[in-house]
Amino acid sequence: MTFDDIIQFRRSNRKFKADEPVPSEIVEKALEHASLAPNSSNMQLWEFHWVRDEDKKKKLVHACLNQSAARTAQELVVIVTRRDKWRHRVQWHKNLILKDAERVGRDARSIKLRLTYYTKLMPFSYMNDGLGILGLYRRLLSFAIGLFRPIYRAEGHAQQRITVHKSAALAAENFMLSMASEEFHTCPMEGFDGVRVKRILGLPRRAEINMVIGCGKGQDDGFWGPRRRLPKDEVIKVH
Ligand SMILES: Cc1cc2nc3c(=O)[nH]c(=O)nc-3n(C[C@H](O)[C@H](O)[C@H](O)COP(=O)(O)O)c2cc1C
């Protein structure tokens, strides 16, 4: 398939054929492709939960409001955001940077910059306190500096959530395009009860469900009619 074929093939299908399973290596490959998506600061604050256990699957379908894209899916994958894991990711980066430092020396400019980025800037962006004081501080600081020069405006919970959901959605698209390249359909869903999905997957409070993706061989009547998009000039703006 060419890239254009893959894009054209990927459509949300909500009725998957019961007799055409998805080979597990195709799902595995698609999950690897998901993890190769671009993501904010390479913090990879995501997880991809492939739900294979029949009992959990049943519960997940129920939590997805029993919609047919979940009910008929051969495979179900849940894209999860994990901004609570920022400390772990910082440590992971720090270890890699220190390993690189053994080769080029700790004083190398690139090492210093990367260390500052992950051990100062990332904690500054992701650290929170129970009262929202840090968020307010970041907002005020960004506002003050922003009066004089462009600045990345680190703020509070809302902005952190947007950041991790952006990256997770890109991973979801990688996953779906990978499945499409093997001629399997998908349906991303946000029609679910996030509290229940989190409980089924045993996730902590700060984890969030980005999308649940149903996968399989789509039936011809599983598409919601022809693919309709707005006229180009409505959405593509050239400046
Ligand atoms: C974030 C997101 C949430 C969605 N939620 C649902 C859903 O809960 N149920 C569903 O049937 N389709 C859902 N969709 C699929 C959209 O309806 C579909 O992508 C859109 O109609 C465009 O059609 P296409 O994917 O075939 O190009 C969702 C898509 C996205 C990106």
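How do the residues of the shell around the ligand divide into nonpolar, polar and charged? The split is 4 nonpolar, 3 polar and 6 charged. Before you dig in, keep in mind that this is a predicted model. Here's a quick tour, starting with the whole chain, moving on to the ligand, and finishing with two pairs of packed helices.

**The chain as a whole**

- If you count up the secondary structure of the protein chain, you get 10 helices and 4 strands.
- Walking along from the N terminus, you meet the elements in the order α-α-β-α-α-β-α-α-α-α-β-α-β-α.
- Taken along the principal axes, the box that the C-alpha atoms fill is roughly 60 × 45 × 45 Å.

**Around the ligand**

- The ligand has 13 residues surrounding it, and the closest are Ser 12, Arg 14, Gln 67, Gly 191 and Arg 229.
- Arg 10 has a side-chain N or O atom 3.1 Å from an oxygen atom of the ligand.
- For Arg 11, a side-chain N or O atom sits 3.0 Å from a ligand oxygen atom.
- Arg 227 joins in too, with a polar side-chain atom 3.2 Å from an oxygen atom of the ligand.
- On its own, the ligand has 620 Å² of accessible area, and the protein covers 71% of that.

**Helices H3 and H9**

- Two packed helices can be described with a pair of values: the angle between their axes and the distance between the axes.
- Helix H3 spans residues 54-63 and helix H9 spans residues 194-201; their axes are 9 Å apart, at an angle of about 170°.
- Angles over 145 degrees count as roughly antiparallel, so H3 is roughly antiparallel to H9.
- On the H3 side, the contact is made by Lys 56, Lys 59, Leu 60 and Ala 63, while H9 brings Arg 196, Val 197 and Ile 200.
- Sorted by class, the residues of this H3 and H9 contact come to 4 nonpolar, no polar and 3 charged.

**Helices H6 and H7**

- Next up are helix H6 (residues 109-126) and helix H7 (residues 133-146), which pack at about 115° with their axes 9 Å apart.
- Angles from 65 to 115 degrees count as roughly perpendicular, so that is how H6 and H7 sit relative to each other.
- H6 makes the contact through Phe 124, Ser 125 and Tyr 126, and H7 through Tyr 137, Arg 138 and Leu 141.
- The class tally for the contact of H6 with H7 is 4 nonpolar, 1 polar and 1 charged.

How values were computed:
Residues numbered from 1 in each chain as written. Predicted model: local features only at pLDDT ≥ 70, side-chain atom pairs only at ≥ 80, totals over all residues. Heavy atoms only, no water. Near = heavy atom within 4 Å. Polar contact = N/O pair within 3.5 Å; in protein donor to acceptor, adjacent residues only side chain to side chain. Areas by Shrake-Rupley, 256 points an atom, 1.4 Å probe, with all protein chains shown as cover. Nonpolar A, V, L, I, M, F, W, Y, C, P; charged D, E, K, R; others polar. Axes fitted to C-alpha atoms, helices over the stretch in contact; angles between N-to-C directions. Helix = DSSP H or I, 4+ residues; strand = E, 2+ residues; numbered from the N terminus. Parallel < 35°, antiparallel > 145°, perpendicular 65-115°, else oblique. Contact = heavy atoms within 4.5 Å.
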